[in-house]
Amino acid sequence: MSTKNKLHDFYRNHAIYILIFLIMSLLSVVVMWHSHFITVGFDIHFHWQRIWDMRESLVHRNLFPLVALNQFNQTGSAVMALYPQLGMMPIVLLSLVIKSFIPLVYIVILLRNFFALLIAYFASYSYNKNRKISFIFSSGYTLAATMLFHEVLSYDIGRSSSMIYLPMIMFGFLNLIEKNDWIELTLGMSAIIMCHVVNTAIAILFLAIMFLININKFFDKNKIFALGKAIVLTVLLTTLYWIPFVIIVGNNAIDFPPPYWKVAGTDLNTWYTAIIQNSVGPYFNFINLLGLVLGIVFFMKLSKYSKQLVLVGIAFLFLCSNLFPWNLLANTGINDSLQFTWRLNIIPQVIFCYIFAEVIVKLFKKPVMAVVSVAVSTIVIVLLQLNAQQSLVQSTKNNLELTHAFSKDRKEYRLNNNDDFRHLIFTSAGEIDYYPSAAVKQYGNTNRHIATYNGHKKLKVKLLGNGQFTFKNSVHINKMALPFLHYKGIAYEVKLDGKTVKTTHNKYALITLKNVSAGKHRVQIIVHRTKKELLSYFATLIGLIVLGWALIKKYRTKK
């Protein structure tokens, strides 16, 4: 078939759904945008600090910075390397064009929802070749109130970005089992690794369970070979992230985000309330519940792998609930890394949205009834999403406007304009997460731009951005600890008044200058790419070339 005919078939088969997805994306922000404000979600300060640091680094021609040279009070925090950055890059690029903050935020959500709808639709279609099932699944999954929680109320860029790629992982694995097709699984796993570490671990747990259920399938050498290609290429594609991660974590004791309480499952009343009220939260919603009920009622009529998905989804629901004895794990590393058991709900969410779509479409096989079922499902999904937006707006409208520098004072704020946004970004509020453990005791000084010298004397420095400081000292300084973190494994160059000088680091993991004469000085800290980091770029490039060749080989035009 010629390329022209393939394009014609593509538009004929999918154009109407893509157009509807565009309309849905517009509707997915319309109520919030009309409110003319933005809720200050739980992690909005943290993630916009990361976004703005990437933005300023890009302006200074420094792509994918390892440490914060601009934001987080220019402390040199390795949060930039230890927390994946892929989900932020489109926002960074848009921020260079769209100068008004409120439209920027909602345009980002709109575009992300449109992209997520397409990803979920084509991931499903690649497996079942059914447009109606794929359409309902994509709509129900992407427009769920739980998604609003992750991308607005929680405002977790990494977590919400990673959830876009879960359908690729689920259907990619099923395609690997049935067709030895490893490309979709590779793309999905590579993307989620570059977005969020915890969701990567949860996705791997899901894949491990599915692998064990279908282990007899992998006695076939061709399937093992396909799985091996997926693993190797995923490792290559993600070296951009995990090599710097391994270097930093392997050479330093790092203070990772602490747990706020002991992990515990969610009680049934919370699940019930979330469903009935269509709550913007991390729990189940109405479509998920219908998928669970329909999956159980029509279990025997489901396909082999859909039956497996239902059972795995129920198992994850059990893990999310207080029926599971989480108290036995409360003092283990799981408590520190998982933090909240509702994180596991991302697996039942993607599974039961799909089961709902499959059962609804197959239940009404006659053409007229099939169209009606799709139309009704779509209307219900959109209305539930609009209702969730409205509830979010109503719960936020009485929040305080952020008219002063942001501080974590437990008050609920909203942003009305660019000035409010600047109060959020340019603030003394900092983050201790991802500090070297030795530096935690000096957090107060570091975060407030205070250098220490000749013992415990203090000197405030002025931040200039891009790793530059100025300060004025009235006496000669033997040793001066800058408010800038030092990580072993990272190559630093320090310039004092334009000249490169030798530096050390003190017991608090702070970069330290020696023999600083009295007077006014300017310091610049430059982070160079190490050979190992350059190797990560090279390996990722090799992975992209191999992936490109595999895609061309798969989709090339056959004469």
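A cavity here is a set of grid points where a 1.4 Å probe fits but cannot get out. With that in mind, let us walk through this structure, which is a predicted model. Searching the whole structure turns up eight cavities of 30 Å³ or more. Two of them make good starting points, and each leads to a pair of helices worth a look.

Start with the largest cavity, whose volume is about 150 Å³. Sixteen residues might sound like a lot to keep track of, but five of the 16 in this lining are a handy guide: F64, M80, Q85, L240 and Y241 lie nearest the centre of the cavity. If you prefer to find your way by helices, look for α3 (79-82), α13 (239-251) and α22 (531-555), the elements that give two or more residues to this lining. The character of the wall is easy to summarise: 13 of its residues are nonpolar, two are polar and one is charged.

Two of those helices, α13 and α22, also pack against each other. Their axes come within 8 Å and cross at roughly 160 degrees. Angles over 145 degrees count as roughly antiparallel, so α13 is roughly antiparallel to α22. The crossing of this pair is right-handed. On the α13 side, the contact is made by T239, L240, I243, P244 and I247, while α22 brings K532, E533, S536, Y537, A539 and T540. Sorted by class, this contact has six nonpolar, three polar and two charged residues. You have met L240 already, among the residues nearest the centre of the largest cavity.

Now move to the second largest cavity, which holds about 80 Å³ of space. Its lining is made up of R112, N113, A116, Y141, T142, M147, E151, S160, M163 and I164. Four helices each supply at least two of these residues: α5 (101-128), α6 (131-142), α7 and α8 (157-163). Which helix gives the most to this lining? That is α5, with three residues. By class, the wall of this cavity has five nonpolar, three polar and two charged residues.

From this second cavity, follow α7 outwards to another partner. Helix α7 (residues 145-153) and helix α19 (residues 367-396) have axes that come within 9 Å and cross at roughly 40 degrees. The two helices are therefore oblique to each other. As α7 passes α19, the crossing is right-handed. To see the contact, pick out A145, L148, V152 and L153 in α7, which meet Q385, A388, Q389 and L392 in α19. Six of the residues in this contact are nonpolar and two are polar, with no charged ones.

One more helix pair rounds off the tour. Helix α10 (residues 183-193) and helix α11 (residues 197-213) have axes 8 Å apart and pack at an angle of about 150 degrees. This makes α10 and α11 roughly antiparallel to each other. Their crossing is left-handed. Here L185, M189, I192 and I193 of α10 come together with N199, T200, A203, I204 and L207 of α11. The contact of α10 with α11 is made of seven nonpolar and two polar residues, and no charged residues take part.

Definitions and conventions: Residues numbered from 1 in each chain as written. Predicted model: local features only at pLDDT ≥ 70, side-chain atom pairs only at ≥ 80, totals over all residues. Heavy atoms only, no water. Axes fitted to C-alpha atoms, helices over the stretch in contact; angles between N-to-C directions. Parallel < 35°, antiparallel > 145°, perpendicular 65-115°, else oblique. Left-handed = near helix turned anticlockwise from the far one by under 90°. Contact = heavy atoms within 4.5 Å. Nonpolar A, V, L, I, M, F, W, Y, C, P; charged D, E, K, R; others polar. 1 Å grid on protein atoms, 1.4 Å probe; cavity = no way out; pocket = protein on both sides within 12 Å on 5 of 7 lines; lining within 4 Å. Points joined across faces, edges and corners; volume = space filled by probe spheres on them.
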